Amino acid sequence: MSYQIICCPHCGNDTGFDPDASNSFCEACGKSITLKELLAEDADQIMEQADKAYSATDYLEAYSRYGDVLAQDPENYLAYFRKGLCAGHLSAGRELRIREVMDGYQKASRILDTLTSSKHADRKNLINEQNAMRSSLISFAVGNYKTLARIKSKPVFDSKREAEQFAASVQDSIKLLCEVDKTAKTEDEQKTLYSTRIEACDLGLKCSKLRYRISQTDSNGECKDETVSFSAGGDLVSYAKKMRKDAVNSFNDLPSIQAEAERLQSGIDTEKSVIKDYRRQRNSYLRREPEQKKLLRMQQLITFGATLVLIVLFVILAIKIGRFWLWIAAAASLLIGWAVFRILTSRFEKDHFPDTLLKLRSECRRSKKALRKKKSEQSKFKNKTMKK
């Protein structure tokens, strides 16, 4: 019999305990004590120690403690998740333990799903727990890339090995973001992950032009540092291109992005339809009224001819005399001719077109202004919001 002195989990006083017996009784409070209760008490204490180490970013200690918790409580979802994150933090900058990070999250999610489906579960709290874990996982993946981006701000690495390790870390970061993409539930999470993956892939493409220092001894025996180019290799570049294209397509296919793109395009199509309808009605009217069409064309030809004559005259004089202001006069003639052409055409339409067609013309002019504005909005949306 291995008789032990333990702390009673009920009253906190010291008492004798026989772990080989089915149960024991506290000598102070008289309550029954089982081995399961003692183990649960130990697991809670270890979990508290693990959480303190995790909060203090002592990931090595936390990783070990969470492992101890799981040895006693295999259903502790938070221990699975945080142990995986600890593995990720401990391997950042080296070979990233992506599989361990994702396994920890997936095991924790499965346990939470089981708990949520039970009859007496506090579903709201469990869903909040799962959302918090997913948010932490996304933050880790995004933060890992941002750390690499800060490292890349260093223009030259100190050694070839350092440059090679950086390129490998970038590839691991892209792989992790691709894995975490699958866990995203909301569109905001997807936007964050796709945007970060695109940036990480851009960083991967830049790894084809890394630089590092080497020490060289010249002919005089003096040691000098030289900068050498380093290419990460085709595997990283081709992988980054492929994952970037996939992230761009996925981002642009998100419902909110598609809805906004369709809204802008619909507005443009509506304005174009109004303009097209006016032009069709105008051409139809002129076909029915050949005399008016002839007068309009004659007026336009006279305006065009007079403008052309003025331009040619000023150009010839500019060449012969060599005065700069004559070139300006030629350009001004073009602008004035265009303005006169528009004014005379507008006056002719106002004098000869029926009221219904003039009303369509007014709507067409408003649509042209609106079309320019909407095309500008669409251009800004494509440049600032949609990915390329």
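Contact here means heavy atoms within 4.5 Å. The model is a predicted one, so to speak only of what passes the filters: local features need pLDDT of at least 70 and side-chain atom pairs count only at pLDDT 80 or more, while totals for chains, interfaces and linings use all residues. Residues are numbered from 1 along each chain as its sequence is written, and side-chain values use heavy atoms, with hydrogens and water left out.

By that contact rule, Tyr-66 touches Met-47, Ala-50, Asp-51, Tyr-54, Ala-79, Arg-82, Lys-83 and Cys-86, leaving aside residues up to four places away in sequence. Tyr-66 also turns up in the largest nonpolar core, a set of 56 residues, among those that touch the most other members, including Leu-137 and Phe-166. Such a core is a set of buried Ala, Val, Leu, Ile, Met, Phe, Trp, Tyr and Cys residues joined through side-chain atoms within 4.5 Å; buried is under 20% relative accessible area, exposed over 50%, and partly exposed in between (1.4 Å probe, protein chains only). A second, separate core has twelve residues, Ile-275, Tyr-278, Phe-353 and Leu-371 among them.

As for helices (DSSP runs of H or I, at least four residues, numbered from the N terminus), α7 covers residues 187-206, and its end C-alpha atoms are 29 Å apart, in agreement with the 28 Å expected for 20 residues; that expectation is 1.5 Å times one less than the number of residues. Its buried residues, including Leu-193 and Tyr-194, pack against α5 (123-152), α6 (160-181) and α8 (234-252).

Thr-57 sits in the loop between α1 (35-55) and α2 (59-72), with a positive phi near 60 degrees despite not being glycine.

How values were computed:
Helix = DSSP H or I, 4+ residues; strand = E, 2+ residues; numbered from the N terminus.
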